[in-house]
Amino acid sequence: QVDGLKGDHKKQLKTLTEILTLPHTKSEEAVVDRALLDWTSLQKDKLEILRRLEHRLKEHSGSKLVRLALSQIYLDDKLDDQAAELISRGLDMEPDDPALLARMGTALKAQGLNDLANSYFERALRENPRSQEARRGLAR
């Protein structure tokens, strides 16, 4: 059904809605998240994207992919506090996740909390020495 995300907007939205409302096994959740993110990359309506991502996160709070995508939108819109809060909830579930650690550093740096941000970037690099977001954050 993920193939239905190609084509006109109404068909994409109908297919996405069907995918999101079907019951999923735990192993299918990542596929559903990826389908949602693929759909958002094709859309221009930012409010619709935000609504869908926020709704998905309410239904499946453990979705790191959706959490990272939504936090990036918040950061792009200068909603740094919301991004930090969103990532903080993710870190409560996965405290050593390098992508979440790096994104927290980015959110904190955007708030001017450079020392604290750098500590998150350093933690992210300890977990994943190839983290580009953490490397960029420390270089700023």
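Arg51 and Glu48 sit three residues apart in helix H3, which means about one helical turn separates them. In this predicted model, their side chains meet in a salt bridge, with 3.1 Å from N to O. The two partners have unlike surroundings: Arg51 is partly exposed, at 44% relative accessibility, while Glu48 is buried, with a relative accessible area of 14%. If you have the helix in view, look for Arg52 as well, since Glu48, Arg51 and Arg52 are linked in a network of salt bridges.

Why might such residues pair up at all? Side chains of opposite charge can do so when their charged atoms come close. The count for this model comes to six salt bridges, and two others are worth a visit.

Start with Asp97 and Lys64, whose closest N and O atoms are 2.8 Å apart in a salt bridge. Asp97 lies in the loop between H5 and H6 and Lys64 in helix H4, so this pair ties together parts that are 33 residues apart in sequence. Asp97 counts as buried because its relative accessibility is 9%, under the 20% cut-off. Lys64, at 28%, falls in the partly exposed class.

Now turn to Arg103, which forms a salt bridge with Glu133; here the closest N and O atoms are 2.8 Å apart. This pair, too, links distant parts of the chain: Arg103 belongs to helix H6 and Glu133 to helix H8 (residues 132–139), 30 residues apart. How accessible is Arg103, and is it buried or exposed? Its relative accessibility is 10%, so Arg103 counts as buried. Glu133 is buried as well, at 15%.

From the charged pairs, let us move to the nonpolar side of the story. In soluble globular proteins, nonpolar side chains tend to be buried together. The largest nonpolar core of this model has 30 residues, and those with the most contacts inside it are Leu53, Leu70, Leu91 and Met104. Which elements give two or more residues to this core? They are helix H2 (29–42), helix H3 (46–59), helix H4 (64–76), helix H5 (80–93), helix H6 (98–110) and helix H7 (114–127).

Leu53 makes a good place to look more closely. Leaving aside residues up to four places away in sequence, Leu53 touches Leu36, Leu37, Thr40, Val66, Ala69, Leu70 and Ile73. One of these neighbours, Leu70, is also listed among the residues with the most contacts inside the core.

Note on methods
Residues are numbered from 1 along each chain as its sequence is written. This is a predicted model: local features need pLDDT of at least 70, side-chain atom pairs count only at pLDDT 80 or more; totals for chains, interfaces and linings use all residues. Side-chain values use heavy atoms; hydrogens and water are left out. A nonpolar core is a set of buried Ala, Val, Leu, Ile, Met, Phe, Trp, Tyr and Cys residues joined through side-chain atoms within 4.5 Å. Buried means under 20% relative accessible area, exposed over 50%, partly exposed in between (1.4 Å probe, protein chains only). Helices (H or I, at least four residues) and strands (E, at least two) are DSSP runs, numbered from the N terminus. Contact means heavy atoms within 4.5 Å. A salt bridge is a side-chain nitrogen of Lys or Arg within 4 Å of a carboxyl oxygen of Asp or Glu.
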